[in-house]
Amino acid sequence: MVAEQVKNLSGEIFERVVAFRREMHQNPELSFEEFETQKRIRKFLLDIGITDVKDCANTGLIALIKGKNPDKKTIGLRADIDALPIKEENQCEYKSSNEGVMHACGHDVHTSSMLGTAYILNKLRDQFEGTVKVVFQPGEERLPGGASIMIKEGVLQNPTVETMTGQHVMPLIDAGKVGFRKGLYMASADEIYITIHGKGGHGAHPHMNVDPIAISAQVITALQQVVSRQAKPAMPTVVSIGKIVGLGSTNIIPDKVEMEGTLRTFNEEWRMEAHKRIIQVATSVTEALGGQCEIEVRKGYPFLNNHEETTEQARQAAVEYLGEENVEDLDIWPAGEDFAYFSQEVDSCFYRLGIRNEEKGITSMLHTPTFDIDESALEVGAGLMAFIALKQLNA
Ligand code: NI
């Protein structure tokens with residue numbers, strides 16, 4: 001039984017995967033600065049006998065594991081390796097020692113379990129035909145996204161990758177379980193920057209000034225009309241303004257208000273249209289009220305589409321490996337993720353690895369200073385990814 005073999009190997013490498021995860025968690029590096037992380041990954045790969053390793057996108061790595069008939073087909077597996085500018089508040093022994101930087105999005109989990117996956121697949125080389133391309137990707141958390149750079153540098157060629165599979169930790173799912181969604185899954189994520197220029201002055205004489213605070217309130221409200229009145233019902237859209245700065249006082253109207261926000265969509269055409277509408281609404285409302293609007297909508301990652309067949313195949317593999325009761329179907333998730341670039345190039349599947357354990361108090365969400373995981377998830381993460389890869393290769 002292949003599943004049993006994979007489980008045994010996953011158990012065999014588990015302690016080293018945990019150790020790697022802890023060391024990586026303790027030594028997080030920001031996007032595109034993952035130099036020590038890159039060294040550690042390379043060392044681990046060499047230690048387990050994987051020598052066909054090269055650099056990509058400066059701080060990323062590509063490792064090849066060749067099976068019996070290596071030219072038959074190539075599949076890609078991806079783990080992201082960067083950390084976030086967050087000050088860790090956990091008190092665990094493997095707490096970040098790089099002040100102000102933290103693996104708060106679980107990329108240490110993705111990387112360490114992928115090393116486990118590489119170990120398993122390398123041990124089972126005589127059980128599959130084709131080649132596995134293991135991709136350790138830098139800079140997921142920062143534009144333009146390491147995935148887009150790796151693609152430009154040819155990660156999907158030589159040999160040509162037929163499918164890409166990636167996993168991401170999910171604090172809403174219990175450790176031991178995983179989640180899948182076919183089709184549209186994650187959103188495009190664009191940044192909105194608005195400055196509303198008015199004319200500041202005494203708060204007692206608004207008629208002698210142009211009040212950018214009052215205008216910005218109208219702009220924020222009007223922007224929600226793009227979501228509720230202009231997006232088609234079948235096109236989920238989110239506009240959130242998350243920052244508003246107007247430095248007046250009780251009796252002072254400021255000269256300007258600066259705002260920042262995000263736009264999330266699941267359709268490229270509508271995304272471009274929404275950019276225009278947002279600019280038009282913000283500009284028109286501001287001008288109608290006597291102010292001037294400077295606005296930029298900066299393009300981020302595209303939406304992430306999970307290829308139907310590839311995802312169904314991976315889901316089936318998960319059911320076989322973990323049991324039906326441990327495989328969940330996911331709802332659409334309007335966060336952004338640069339794995340989306342891969343999904344636009346090749347048939348892809350991006351699934352979720354459960355890491356939650358309420359009894360142990362492990363419930364913090366991603367990008368929070370108390371994020372942590374139930375490490376038993378690493379055994380599932382390493383083994384399941386290997387099992388999915390074997391299914392893809394032997395299909
Ligand atoms: Ni992430």
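How are the donor residues of the nickel ion spaced in sequence? They follow the pattern C-x1-H-x60-H. The legends below describe a predicted model.

**View 1. The nickel ion and its protein donors.** Three protein atoms serve as donors to the nickel ion: SG of Cys105, NE2 of His107 and NE2 of His168. These donors lie 2.2 to 2.3 Å from the ion. Between Cys105 and His107 the spacing is x1, and from there to His168 it is x60. Cys105 and His107 are both buried.

**View 2. The two domains of the chain.** Domain 1 is assigned two stretches, 2-182 and 305-393. Domain 2 covers 188-301. Taken over C-alpha atoms, the centres of domain 1 and domain 2 are 38 Å apart. Where the domains touch, domain 1 contributes 15 residues and domain 2 contributes 9 residues.

**View 3. Buried area between domain 1 and domain 2.** The two domains bury about 830 Å² between them, and carbon and sulfur atoms account for 69% of this area. On the side of domain 1, Leu143, Ile332 and Pro334 supply 57% of the area buried against domain 2, more than any other three residues.

**View 4. Polar and charged groups at the domain interface.** The side of domain 1 that touches domain 2 is made up of 7 nonpolar, 3 polar and 5 charged residues. Across the interface of domain 1 and domain 2 there are 0 salt bridges, while 3 residue pairs are in polar contact, with both residues at pLDDT 80 or more.

Definitions and conventions:
Residues are numbered from 1 along each chain as its sequence is written. This is a predicted model: local features need pLDDT of at least 70, side-chain atom pairs count only at pLDDT 80 or more; totals for chains, interfaces and linings use all residues. Side-chain values use heavy atoms; hydrogens and water are left out. Domain bounds come from an automatic or database domain assignment. Contact means heavy atoms within 4.5 Å. Buried area is the accessible area (1.4 Å probe) that two parts lose on being put together, summed over both. A salt bridge is a side-chain nitrogen of Lys or Arg within 4 Å of a carboxyl oxygen of Asp or Glu. A polar contact is a pair of N or O atoms within 3.5 Å; within protein, one must be able to donate a hydrogen and the other to accept it, and residues adjacent in sequence count only if both atoms are side-chain atoms. Ala, Val, Leu, Ile, Met, Phe, Trp, Tyr, Cys and Pro count as nonpolar, Asp, Glu, Lys and Arg as charged, and the others, Gly among them, as polar. Donors are N, O and S atoms within 2.8 Å of the metal (3.2 Å for Na, K and Ca); water is not among the atoms, so sites may look incomplete. Buried means under 20% relative accessible area, exposed over 50%, partly exposed in between (1.4 Å probe, protein chains only).
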